[in-house]
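Colleague: I would like to go through this model with you, from the overall fold down to single residues. Please end each answer on the value or name I ask for.

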Amino acid sequence: MNILIALVPALGWGLMPLVASKTGGKPANQIFGTGLGATIVGVLVLLVARPSLDIRTFLFALFCGAFWTIGQIGQFVSFRSIGVAKTMPISTGLQLVGNSLVGVMIFGDWPGASARIIGFVALLIVVLGVVLTSVNDQNDDTDRVALQNLVFLVVTTVGYWFYSAFPQIVPHADGQALFFPQMLGILLGAMIYALASGQVQIFAEKESWLGAVAGLFFGVAALAYIFSARENGVAPAFIYTQLSVVLATLGGVLFLKEKKTRREMVFTLLGLGLIVAGSVMTSFA
(Lines give C-alpha, C1' and ligand atoms only; values in the text may rest on other atoms or scores of the structure.)
Protein backbone atom coordinates (compact mmCIF):
# COMPACT_ATOMS: atom_id res chain seq x y z
CA MET A 1 0.00 0.00 0.00
CA ASN A 2 2.80 2.42 0.87
CA ILE A 3 4.41 1.83 -2.53
CA LEU A 4 1.14 2.63 -4.27
CA ILE A 5 0.90 5.90 -2.31
CA ALA A 6 4.50 6.69 -3.30
CA LEU A 7 3.70 6.16 -6.99
CA VAL A 8 0.75 8.59 -7.02
CA PRO A 9 2.95 11.75 -7.01
CA ALA A 10 5.07 10.34 -9.83
CA LEU A 11 1.97 9.58 -11.90
CA GLY A 12 0.26 12.88 -11.12
CA TRP A 13 3.27 15.11 -11.76
CA GLY A 14 4.26 13.07 -14.81
CA LEU A 15 0.81 13.22 -16.40
CA MET A 16 0.10 16.86 -15.51
CA PRO A 17 2.27 18.38 -18.31
CA LEU A 18 0.72 16.01 -20.84
CA VAL A 19 -2.84 16.84 -19.78
CA ALA A 20 -2.10 20.59 -19.72
CA SER A 21 -0.62 20.42 -23.22
CA LYS A 22 -3.56 18.37 -24.52
CA THR A 23 -6.22 20.73 -23.16
CA GLY A 24 -4.55 23.52 -25.13
CA GLY A 25 -4.57 27.26 -24.67
CA LYS A 26 -1.84 29.76 -23.89
CA PRO A 27 0.39 29.57 -20.81
CA ALA A 28 -2.01 31.98 -19.08
CA ASN A 29 -4.90 29.55 -19.68
CA GLN A 30 -2.84 26.62 -18.47
CA ILE A 31 -1.58 28.23 -15.27
CA PHE A 32 -5.04 29.52 -14.35
CA GLY A 33 -6.54 26.07 -14.98
CA THR A 34 -3.78 24.46 -12.92
CA GLY A 35 -4.40 26.88 -10.05
CA LEU A 36 -8.14 26.29 -10.21
CA GLY A 37 -7.83 22.49 -10.11
CA ALA A 38 -5.21 22.59 -7.35
CA THR A 39 -7.39 24.88 -5.25
CA ILE A 40 -10.35 22.50 -5.61
CA VAL A 41 -8.21 19.74 -4.10
CA GLY A 42 -7.04 22.18 -1.42
CA VAL A 43 -10.63 23.08 -0.47
CA LEU A 44 -11.56 19.40 -0.17
CA VAL A 45 -8.59 18.80 2.15
CA LEU A 46 -9.59 21.84 4.21
CA LEU A 47 -13.16 20.60 4.59
CA VAL A 48 -12.21 17.02 5.46
CA ALA A 49 -9.06 17.46 7.58
CA ARG A 50 -9.95 20.86 9.11
CA PRO A 51 -6.31 21.65 9.95
CA SER A 52 -5.39 24.61 12.14
CA LEU A 53 -2.85 27.21 11.07
CA ASP A 54 -1.89 30.63 12.39
CA ILE A 55 -2.46 33.60 10.09
CA ARG A 56 1.25 34.37 9.68
CA THR A 57 2.10 30.87 8.43
CA PHE A 58 -1.06 30.85 6.29
CA LEU A 59 0.00 34.03 4.49
CA PHE A 60 3.55 32.77 4.07
CA ALA A 61 2.26 29.51 2.55
CA LEU A 62 0.02 31.56 0.26
CA PHE A 63 3.04 33.58 -0.85
CA CYS A 64 5.06 30.43 -1.53
CA GLY A 65 2.26 29.00 -3.65
CA ALA A 66 2.31 32.16 -5.74
CA PHE A 67 6.08 31.72 -6.20
CA TRP A 68 5.47 28.20 -7.53
CA THR A 69 3.39 29.84 -10.26
CA ILE A 70 6.52 31.57 -11.60
CA GLY A 71 8.27 28.26 -12.12
CA GLN A 72 5.24 26.62 -13.70
CA ILE A 73 4.69 29.50 -16.11
CA GLY A 74 8.29 28.98 -17.22
CA GLN A 75 7.48 25.34 -17.96
CA PHE A 76 4.28 26.14 -19.85
CA VAL A 77 6.02 28.74 -22.03
CA SER A 78 8.80 26.25 -22.79
CA PHE A 79 6.29 23.51 -23.64
CA ARG A 80 5.09 25.68 -26.51
CA SER A 81 8.60 26.53 -27.69
CA ILE A 82 10.56 23.29 -27.40
CA GLY A 83 7.99 20.71 -26.24
CA VAL A 84 7.35 18.71 -23.08
CA ALA A 85 9.96 16.05 -23.89
CA LYS A 86 12.79 18.61 -23.97
CA THR A 87 11.51 20.90 -21.23
CA MET A 88 10.88 18.39 -18.45
CA PRO A 89 14.40 16.92 -18.09
CA ILE A 90 15.95 20.41 -18.14
CA SER A 91 13.44 21.81 -15.66
CA THR A 92 13.77 18.80 -13.35
CA GLY A 93 17.56 19.06 -13.40
CA LEU A 94 17.47 22.79 -12.64
CA GLN A 95 15.07 22.22 -9.75
CA LEU A 96 17.19 19.47 -8.24
CA VAL A 97 20.46 21.38 -8.57
CA GLY A 98 18.97 24.63 -7.28
CA ASN A 99 17.10 23.05 -4.38
CA SER A 100 20.22 21.14 -3.33
CA LEU A 101 22.45 24.21 -3.43
CA VAL A 102 19.92 26.26 -1.47
CA GLY A 103 19.75 23.47 1.10
CA VAL A 104 23.53 23.33 1.44
CA MET A 105 24.18 27.08 1.55
CA ILE A 106 21.21 28.21 3.66
CA PHE A 107 19.90 25.24 5.66
CA GLY A 108 23.10 23.30 6.27
CA ASP A 109 22.19 20.18 4.31
CA TRP A 110 24.84 17.58 3.49
CA PRO A 111 26.90 18.12 6.66
CA GLY A 112 30.38 16.64 6.53
CA ALA A 113 32.86 16.07 3.72
CA SER A 114 31.58 12.66 2.61
CA ALA A 115 27.98 13.87 2.31
CA ARG A 116 29.06 16.84 0.21
CA ILE A 117 31.22 14.70 -2.05
CA ILE A 118 28.30 12.34 -2.68
CA GLY A 119 25.92 15.25 -3.16
CA PHE A 120 28.03 17.22 -5.61
CA VAL A 121 28.95 14.12 -7.61
CA ALA A 122 25.22 13.40 -7.82
CA LEU A 123 24.55 16.92 -9.09
CA LEU A 124 27.24 16.53 -11.75
CA ILE A 125 25.53 13.31 -12.87
CA VAL A 126 22.21 15.18 -13.07
CA VAL A 127 23.78 17.99 -15.13
CA LEU A 128 25.34 15.44 -17.49
CA GLY A 129 21.92 13.82 -17.84
CA VAL A 130 20.32 17.15 -18.71
CA VAL A 131 23.01 17.79 -21.33
CA LEU A 132 22.36 14.40 -22.93
CA THR A 133 18.59 14.95 -23.09
CA SER A 134 19.28 18.27 -24.81
CA VAL A 135 21.25 16.73 -27.71
CA ASN A 136 19.76 18.17 -30.87
CA ASP A 137 20.19 17.06 -34.49
CA GLN A 138 18.38 20.10 -35.87
CA ASN A 139 19.80 23.33 -37.35
CA ASP A 140 21.45 26.27 -35.62
CA ASP A 141 18.17 28.19 -35.33
CA THR A 142 16.73 25.38 -33.23
CA ASP A 143 19.82 25.44 -31.02
CA ARG A 144 19.39 29.17 -30.51
CA VAL A 145 15.75 28.72 -29.48
CA ALA A 146 16.78 25.95 -27.08
CA LEU A 147 19.44 28.20 -25.51
CA GLN A 148 16.95 31.02 -25.05
CA ASN A 149 14.55 28.62 -23.37
CA LEU A 150 17.30 27.31 -21.10
CA VAL A 151 18.02 30.84 -19.89
CA PHE A 152 14.29 31.47 -19.42
CA LEU A 153 13.88 28.23 -17.45
CA VAL A 154 16.84 29.08 -15.20
CA VAL A 155 15.27 32.44 -14.31
CA THR A 156 11.73 31.14 -13.72
CA THR A 157 12.88 28.05 -11.81
CA VAL A 158 13.73 30.40 -8.93
CA GLY A 159 10.01 30.20 -8.13
CA TYR A 160 10.27 26.44 -7.67
CA TRP A 161 13.34 26.84 -5.46
CA PHE A 162 11.52 29.18 -3.09
CA TYR A 163 8.46 26.91 -2.99
CA SER A 164 10.59 23.85 -2.24
CA ALA A 165 12.53 25.63 0.51
CA PHE A 166 9.32 26.57 2.34
CA PRO A 167 8.95 23.35 4.41
CA GLN A 168 12.46 23.92 5.80
CA ILE A 169 11.57 27.48 6.77
CA VAL A 170 8.59 26.28 8.83
CA PRO A 171 9.69 22.71 9.67
CA HIS A 172 7.16 22.16 12.46
CA ALA A 173 4.06 23.11 10.46
CA ASP A 174 1.72 20.28 9.46
CA GLY A 175 1.82 19.47 5.74
CA GLN A 176 -1.95 19.18 5.51
CA ALA A 177 -2.36 22.55 7.21
CA LEU A 178 -0.05 24.20 4.68
CA PHE A 179 -1.71 22.49 1.72
CA PHE A 180 -4.78 24.69 1.21
CA PRO A 181 -3.01 28.09 1.39
CA GLN A 182 -0.30 26.84 -0.97
CA MET A 183 -2.86 25.69 -3.55
CA LEU A 184 -4.81 28.93 -3.14
CA GLY A 185 -1.56 30.84 -3.63
CA ILE A 186 -1.07 29.09 -6.98
CA LEU A 187 -4.50 30.29 -8.11
CA LEU A 188 -3.85 33.85 -6.91
CA GLY A 189 -0.45 33.85 -8.61
CA ALA A 190 -2.09 32.72 -11.85
CA MET A 191 -4.70 35.48 -11.62
CA ILE A 192 -2.03 38.11 -10.92
CA TYR A 193 -0.08 36.88 -13.97
CA ALA A 194 -3.16 37.12 -16.20
CA LEU A 195 -3.98 40.62 -14.98
CA ALA A 196 -0.39 41.90 -15.15
CA SER A 197 0.09 40.54 -18.68
CA GLY A 198 -3.19 41.99 -19.93
CA GLN A 199 -4.80 38.61 -20.56
CA VAL A 200 -8.00 39.01 -18.54
CA GLN A 201 -9.95 37.33 -21.34
CA ILE A 202 -8.55 33.96 -20.29
CA PHE A 203 -10.98 33.86 -17.34
CA ALA A 204 -13.83 33.37 -19.82
CA GLU A 205 -12.06 30.97 -22.21
CA LYS A 206 -12.94 27.29 -22.09
CA GLU A 207 -9.26 26.24 -22.28
CA SER A 208 -8.72 27.80 -18.85
CA TRP A 209 -11.50 25.78 -17.28
CA LEU A 210 -10.50 22.57 -19.08
CA GLY A 211 -7.02 23.17 -17.69
CA ALA A 212 -8.43 22.53 -14.22
CA VAL A 213 -8.04 18.83 -14.99
CA ALA A 214 -4.25 19.29 -15.02
CA GLY A 215 -4.56 21.15 -11.72
CA LEU A 216 -6.44 18.22 -10.21
CA PHE A 217 -3.58 15.92 -11.23
CA PHE A 218 -1.08 18.28 -9.61
CA GLY A 219 -3.13 18.76 -6.44
CA VAL A 220 -3.72 15.06 -5.88
CA ALA A 221 -0.02 14.34 -6.51
CA ALA A 222 1.08 17.05 -4.06
CA LEU A 223 -1.32 15.74 -1.41
CA ALA A 224 -0.19 12.14 -1.95
CA TYR A 225 3.43 13.24 -1.54
CA ILE A 226 2.63 14.49 1.97
CA PHE A 227 1.28 11.06 2.92
CA SER A 228 4.09 9.24 1.10
CA ALA A 229 6.76 11.20 2.98
CA ARG A 230 4.95 10.42 6.23
CA GLU A 231 4.56 6.68 5.54
CA ASN A 232 7.73 5.93 3.55
CA GLY A 233 10.13 8.62 4.76
CA VAL A 234 11.22 11.75 2.90
CA ALA A 235 14.12 10.17 0.98
CA PRO A 236 12.21 7.13 -0.40
CA ALA A 237 9.20 9.34 -1.22
CA PHE A 238 11.44 11.74 -3.13
CA ILE A 239 13.09 8.90 -5.07
CA TYR A 240 9.75 7.63 -6.34
CA THR A 241 8.75 11.12 -7.53
CA GLN A 242 11.69 11.16 -9.94
CA LEU A 243 9.82 8.68 -12.12
CA SER A 244 7.60 11.62 -13.12
CA VAL A 245 10.27 13.10 -15.40
CA VAL A 246 10.55 9.77 -17.24
CA LEU A 247 6.78 9.57 -17.66
CA ALA A 248 6.44 13.18 -18.84
CA THR A 249 9.37 12.99 -21.26
CA LEU A 250 8.36 9.71 -22.87
CA GLY A 251 4.73 10.85 -22.87
CA GLY A 252 5.75 13.94 -24.82
CA VAL A 253 7.21 11.74 -27.53
CA LEU A 254 4.60 8.96 -27.58
CA PHE A 255 1.41 10.78 -26.58
CA LEU A 256 1.98 14.34 -27.82
CA LYS A 257 3.89 13.10 -30.90
CA GLU A 258 6.87 15.40 -30.32
CA LYS A 259 9.55 14.43 -32.82
CA LYS A 260 12.96 13.10 -31.89
CA THR A 261 15.48 11.42 -34.17
CA ARG A 262 16.74 7.96 -33.29
CA ARG A 263 20.01 9.47 -32.08
CA GLU A 264 18.22 12.10 -29.97
CA MET A 265 16.02 9.40 -28.42
CA VAL A 266 19.03 7.29 -27.44
CA PHE A 267 20.68 10.27 -25.74
CA THR A 268 17.38 11.22 -24.10
CA LEU A 269 16.98 7.77 -22.55
CA LEU A 270 20.60 7.81 -21.34
CA GLY A 271 20.10 11.30 -19.93
CA LEU A 272 16.90 10.33 -18.12
CA GLY A 273 18.71 7.41 -16.55
CA LEU A 274 21.44 9.72 -15.27
CA ILE A 275 18.93 12.29 -13.96
CA VAL A 276 17.07 9.62 -12.00
CA ALA A 277 20.33 8.06 -10.75
CA GLY A 278 21.70 11.45 -9.67
CA SER A 279 18.43 12.28 -7.95
CA VAL A 280 18.54 9.03 -6.01
CA MET A 281 22.15 9.72 -4.98
CA THR A 282 21.26 13.12 -3.51
CA SER A 283 18.89 11.43 -1.08
CA PHE A 284 21.82 9.53 0.40
CA ALA A 285 24.09 12.57 0.75
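Modeller: One term before we start: a contact here means heavy atoms within 4.5 Å. Please also keep in mind that this is a predicted model.

Colleague: With that cut-off, which residues is Phe-267 in contact with, leaving aside its neighbours within four places in sequence?
Modeller: Phe-267 sits in helix α13. At 23% relative accessibility this residue counts as partly exposed. Leaving aside neighbours within four places in sequence, the contacts of Phe-267 are Leu-132, Thr-133 and Val-135.

Colleague: How far apart are the C-alpha atoms of Phe-267 and Ser-283?
Modeller: Phe-267 belongs to helix α13, which covers residues 262–282. Along the chain, Phe-267 and Ser-283 are 16 residues apart, and their C-alpha atoms are separated by 25 Å.

Colleague: Now the whole chain: how many helices and how many strands does the secondary structure come to?
Modeller: Along the sequence the pattern reads α-α-α-α-α-α-α-α-α-α-α-α-α. The count is therefore 13 helices and 0 strands.

Colleague: What radius of gyration does the chain have, and what does the globule rule give for its length?
Modeller: The C-alpha atoms fill a box of roughly 50 × 50 × 35 Å along the principal axes. For 285 residues the chain is as compact as a globular protein of that length, because its radius of gyration is close to the value of the globule rule. The two values are 18 Å for the chain and 19 Å for the rule.

Colleague: What share of the contacts with a separation of 6 or more comes from residues 24 or more positions apart?
Modeller: Of the 285 residues, 47% are buried. Among contacts with a separation of 6 or more, the share from residues 24 or more positions apart is 86%.

Colleague: What part of the exposed area do carbon and sulfur atoms supply, and how far apart are the centres of the positive and negative side chains?
Modeller: The chain exposes about 13200 Å², and carbon and sulfur atoms supply 71% of that area. There are 15 positive and 12 negative side chains, and the centres of the two sets lie apart by 4 Å.

Colleague: Which side chain is joined to that of Ser-279 by a polar contact?
Modeller: Ser-279 is in helix α13. This serine is buried, because its relative accessible area of 0% is under 20%. Leaving aside neighbours within four places in sequence, Ser-279 is in contact with Leu-96, Val-126, Phe-238 and Gln-242. The polar contact, at 3.2 Å, joins the side chain of Ser-279 to that of Gln-242.

Colleague: The backbone oxygen of which residue lies 3.1 Å from a polar atom of the Gln-30 side chain?
Modeller: Gln-30 is placed in helix α2 and counts as buried at 6% relative accessibility. Apart from neighbours within four places in sequence, the contacts of Gln-30 are Ala-20, Ser-21, Gly-24, Gly-25 and Phe-76. The backbone oxygen at 3.1 Å from a polar atom of the Gln-30 side chain is that of Ala-20.

Colleague: Thr-39 is in helix α2 as well; is this residue buried or exposed?
Modeller: Beyond its neighbours within four places in sequence, Thr-39 is in contact with Met-183, Leu-184 and Leu-187. The relative accessibility of Thr-39 is 9%, so the residue counts as buried.

Colleague: What is the phi of Trp-110?
Modeller: Most residues other than glycine have a negative phi. Trp-110 is found in the loop between α4 (84–107) and α5 (113–133) and is buried, with a relative accessible area of 8%. Its phi is a positive value, near 55°.

Colleague: Lys-257 also has a positive phi, near 60°; how far from Gly-83 does this lysine lie, C-alpha to C-alpha?
Modeller: Lys-257 lies in the loop between α12 (243–254) and α13 and counts as exposed at 64% relative accessibility. A polar atom of the Lys-257 side chain is 3.3 Å from the backbone oxygen of Leu-254. In sequence Lys-257 and Gly-83 are 174 residues apart, while in space the C-alpha to C-alpha distance is 9.8 Å.

Definitions and conventions:
Residues are numbered from 1 along each chain as its sequence is written. This is a predicted model: local features need pLDDT of at least 70, side-chain atom pairs count only at pLDDT 80 or more; totals for chains, interfaces and linings use all residues. Side-chain values use heavy atoms; hydrogens and water are left out. Helices (H or I, at least four residues) and strands (E, at least two) are DSSP runs, numbered from the N terminus. The radius of gyration is taken over C-alpha atoms; the globule rule is 2.2 Å times the number of residues to the power 0.38. Buried means under 20% relative accessible area, exposed over 50%, partly exposed in between (1.4 Å probe, protein chains only). Accessible areas come from the Shrake-Rupley method with a 1.4 Å probe; for residues, only the protein chains shown count as cover. Lys and Arg count as positive and Asp and Glu as negative; His and the chain ends are not counted. The place of a charge is taken as NZ of Lys, CZ of Arg, CG of Asp or CD of Glu. A polar contact is a pair of N or O atoms within 3.5 Å; within protein, one must be able to donate a hydrogen and the other to accept it, and residues adjacent in sequence count only if both atoms are side-chain atoms.
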